[in-house]
Amino acid sequence: MIALTSNPSSADIDLPTPDPSQPITIEAHSGMTWQQGTYQVWVLGGDCRFTQGRTTARAINAVVWVDRGEAFSNEPHRIIAYFEGNVVVDQSPATGWQSANEKKTEGPKRLTDKTYLMRLTSQAMPDIRVGQISGAPAQMPEIYSRGMDRRNPLAQNAVRRTQYTQPISQPGVVQPRFGQALPSGMRRISINSRSAVDFQTDYRPDQNLVIITAGVNVVVEGMKSPWGTIDVSADRVVIWNPGWQGSGDQAQQFQSEDVPLELYMEGNIIFRQGERTIYANRMYYDVRNQVGIVLDAEILTPVPKYEGMLRLQTQTLHQTGEDRFFAENSFVTSSRMGKPGYRLQMTDLYFEDIQRPLVNPFTGQAELDPETGQPFLEHQRLATGRNGFIFLGDIPVFYWPYMATDLDDPTFYIRGLQYKNDRIFGNQIISTWNVYQLLGVKKQPQGTRWDLSLDWLSKRGFGAGSDFTYQRDGFLTIPGPTAGLISFWGIHDTGVDNLGRERRSVVPETDNRYRMLWKHRQMLVGDYRLTAEVGKISDRDFLEQYFRNEWDLQKNESTGIELKRRYDNISWSVTADYNLNNFFTETDWLPRLDHFWLGQPLISDAFTWFEHSSIAYGKMRRLDAPTTEQDRRVFSYLPWELDRGGERLVTRQELDWPLQLGAVKTVPYALGELAHWGEDLYGNDMQRFYWQAGLRASMPMWKVDRTVENTLWNVHGIAHKVIFDVDFSVAESNRNMYDLPLYDDIDDDSIEAFRRMMPYHTFGMTPLSPGDPIPTIAVPGRFDPRQYALRTGMPGWVTSPSSEIADDMIAMRMGMRHRWQTKRGVPGRRHITDWIVLDTNATWFPNEMRDNFGKSVGLVDYDFRWHVGDRLTLLSSGLFDFFDEGQQLINVGGYLTRPPRGSLYMGLRLLEGPIENQVLLLSYTYRMSPKWVTTFSTSYDLGKYGNLGQNFSIMRVGESLLISLGFRVNPSSDDVGVMFAIEPRFMTTGLLKGAAGARIPPAGLYGLE
């Protein structure tokens, strides 16, 4: 055994570097963590342990910086660890086969120290195991500062580079040692060879010139700019400097920053300043004044919203100030190719790259990179130019006479362009444009984005719209984090709508069709939240035709405002809503006040109280009937839709009494409600008293068998955990819920529109003839959504979304939640994971004739997931009711993933009831090569409908562009479509990237492709 003891400042004795192919495990009792630049920082305390392969480090406290490599790349994960307090580092001898990265050792080694610093890499993600985790502290702990000092070369007197000859001191000037921070007003010039060949110098003191050839690296430190350093490499450099001392081959010079210093460079120039890099053939630079001229220049600079680098190439580049440039005959692109496939070319371009140190909000000091000791920088890049052409290859596709933009948004005029063709809209050209750039707005408001849509649809007309999004620290003069969207799109429609199998030729109610939307949310002082929304649509079918995904999946278009405050377990809100769309049934709240108090302990925590009270004036406005014959003939009113209104006062309270009876946790509870409505369905006022009492109980059970071992199924021990739960309740109401309008909706507008057509399409009612009055039709009670909500137990929630849903009911809801867990992973680093999951539920109705349509058991469901391996999962779920035509739904399928190559899903859905189908589903995403990605999906009904549709796309991943070709078949609307799209790879939000289902890195992220 070898024991080495050193003082904290030495760090000269080190152990052999651990094998980077081995995983890293970090353990501690407690820790604080936060993100700092590219690093995740951990400050750990209490028995800190660090293990990689044969190396183990132990200490009382530690600071760890983790720089994770890019997902699915070959980049290693980098870890910097600073240990403090009784540090012991052990390295055991190698046994058996060794990695090629390990050096042969003869025996165990040990290092002890008060502090120790390690730099390690690993191909595996570091496994950090911390008992108690908290976020960033209000003040940085002292150990963090000491760790930063050890990491920052300028904070200690250690020599980090090769020591060169000490320069001759100027009379009366004290020269700083290399590695020390420079005194204010001083600069240091360091000269080094850029390769293994020594540079050659020609010193001409009479001309104040130093001529250096054969490849040289010149570093100038101590400049007035915030980042303070220029790093230049070139084949040949001429230095003009009246303050040069000694001979020309000196490695360092120290002098006042006011002494003139000019550089002329030739051949393979790389000029670095902060995060900016310039490549050139010839360049002149005045260091003191920070001005210069570059011939055949290329600038690479990072952009915050873009992972890659933005590239500016120009014939002549003038630096007119610290952050100001003027370029002649230049182009901007993200491509690293000499001849990019996509670029913005301009005759004159004025460019400002303002770099500022990133300030730590906790300390108020500049954030430093632990690896280099240099400050992290934030940028503001402003550009103005004339005669802008967008080129695809050698072909100019767009011209604009003037541009002004913030290059943090790396798009040039146009954000996206697509060509489509189908039978519904005909030939389509869909384009999205950057409004700020088109208007020449140089400094766009921070945190905003403004897009313009210009579209042509040959069968429908011209469409146009605009989207304005904002995310700021205030709104107008009101402070507080704010986010919002203002959107408009409209068209003068000259065609007819095709909305599906039974509605393929619907004449729109108006020719001028549009959607206006404003969504706004702001956090105010004192835990207040302000939410506002405006939604106006031209007609009932517009969203279903033009914004189908929004119609099917998003919330209703509504207009209202809400002020809400939440603190501890209490919240209250004031709401006002008004319906601008008379073709949807909505309730106007003028206004509405809600108060919630949830989970409040009472009487020494023996009881728990829940409360929701609401005072409101509501006015339900029933939708207007359709004016077009195609919609009117299959239209009906829902039974709860009438023009009704008045005051509504509701208070609902619940009291729980939690008890632990052995292994069973029981909660007897009682819930009561008092409510008043100014108008029921018949125009009369109504008072309702509703109560519910019951018992909730749950019991966990588990068993562990560590002897189960199966390599084929990747099972290493099994733990079976199950929780049985039951909720028995009896509820009564003095009024029938069917006597009330649904002032609180339980369905979206899209679902209600489907329900209005169900009597005709599902239950065979004869469509209306012209002149027939619009009927109000109640479907059989077993398909009424109000009865379904009642059976599932919605009235038993204090926070129920609908106050109108409550009635007599006796039910016992039972469930089981099973987890079969095992350990997976490489030996020594296995982790617990769910192997099989099975959840089941069922409800027993003692009064089956009243509550469940003659069947004592219903609402039976299950959810099954079997994670066969890390990539393959088998799935199944089901939901069953046993009364006549009750729903019988089964889903079964499998999901296979192989990141980043692709994924595959196959499944079968079986539905029985008033609507029947047996649908076979298949979808995949496959990245065939780094340049080609394909996706496909299909669905087929094994019953009467047959083929339901297919989607296929293939994408070419070019060096600068994404080019996609897609096909679509939709038999429901008798539609066949084709799509062709071109999109620059550096766009921050792209449809093609999401459509492909595979992560496509930005152009130039890893250099040349």
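I take buried to mean under 20% relative accessible area. The model is predicted, and these entries record what I looked up in it.

**Entry: Glu654**

I started with Glu654, which sits in strand β34, residues 644-656. Its relative accessibility is 6%, so I count Glu654 as buried. I then listed what Glu654 touches, leaving out residues up to four places away in sequence: Thr608, Trp609, Phe610, Tyr669, Ala670, Leu671, Arg696, Gly796 and Val798. One of these, Arg696, also makes a polar contact of 3.2 Å with Glu654, side chain to side chain.

**Entry: Arg652 and Glu673**

I stayed in strand β34 for Arg652, which forms a salt bridge with Glu673. The closest N and O atoms of Arg652 and Glu673 are 2.5 Å apart. Glu673 lies in strand β36, residues 664-677, and Arg652 in β34, so the pair ties together parts 21 residues apart in sequence. I checked the accessibility of Arg652 and Glu673 and found both buried.

**Entry: other salt bridges**

I noted that the structure holds 49 salt bridges. One of them joins Asp631 to Arg503, with the closest N and O atoms at 2.8 Å. Asp631 is in helix α5 (residues 629-632), while Arg503 is in the loop between β27 (478-492) and β28 (512-524), so this pair ties together parts that are 128 residues apart in sequence. Asp631 and Arg503 are both buried.

I next looked up Glu641, which forms a salt bridge with Arg756; the closest N and O atoms are 2.5 Å apart. This pair links distant parts of the chain, with Glu641 in the loop between α5 and β34 and Arg756 in helix α6, 115 residues apart. Glu641 has 1% relative accessibility and therefore counts as buried. Arg756 has a relative accessible area of 5%, so I enter Arg756 as buried too.

**Entry: helix α6**

Arg756 led me to helix α6, residues 749-761. I checked its length: at 1.5 Å a residue, the 13 residues should span 18 Å, and the end C-alpha atoms are 18 Å apart, which agrees. I listed the buried residues of α6 as Asp749, Ser750, Glu752, Arg755, Arg756, Met757, Met758, Pro759 and Tyr760. What covers these buried residues includes α4 (548-553), β32 (586-602) and α7 (785-791).

For reference, I noted that an α-helix has 3.6 residues a turn, so residues three or four places apart point the same way.

**Entry: the nonpolar patch**

I turned to the surface and found a nonpolar patch formed by Leu417, Tyr419, Ile429, Trp456, Phe462, Phe952, Ile963, Leu965, Phe967 and Phe980. Together these residues have about 880 Å² of accessible area. The elements that give two or more residues to the patch are β23 (414-422) and β48 (961-970). Which element gives the largest share of the patch? I found that β48 does, with three residues.

I picked Tyr419 from the patch for a closer look and placed it in strand β23. Is Tyr419 buried, exposed or partly exposed? At 33% relative accessibility, Tyr419 counts as partly exposed, because that class lies between under 20% for buried and over 50% for exposed.

Definitions and conventions:
Residues are numbered from 1 along each chain as its sequence is written. This is a predicted model: local features need pLDDT of at least 70, side-chain atom pairs count only at pLDDT 80 or more; totals for chains, interfaces and linings use all residues. Side-chain values use heavy atoms; hydrogens and water are left out. Helices (H or I, at least four residues) and strands (E, at least two) are DSSP runs, numbered from the N terminus. Buried means under 20% relative accessible area, exposed over 50%, partly exposed in between (1.4 Å probe, protein chains only). A polar contact is a pair of N or O atoms within 3.5 Å; within protein, one must be able to donate a hydrogen and the other to accept it, and residues adjacent in sequence count only if both atoms are side-chain atoms. Contact means heavy atoms within 4.5 Å. Patches are made of residues with over 30% relative accessible area and no salt bridge: like charges are joined within 9 Å, nonpolar side chains (Val, Leu, Ile, Met, Phe, Trp, Tyr) within 5 Å. Accessible areas come from the Shrake-Rupley method with a 1.4 Å probe; for residues, only the protein chains shown count as cover. A salt bridge is a side-chain nitrogen of Lys or Arg within 4 Å of a carboxyl oxygen of Asp or Glu. The expected span of a helix is 1.5 Å times one less than its number of residues.
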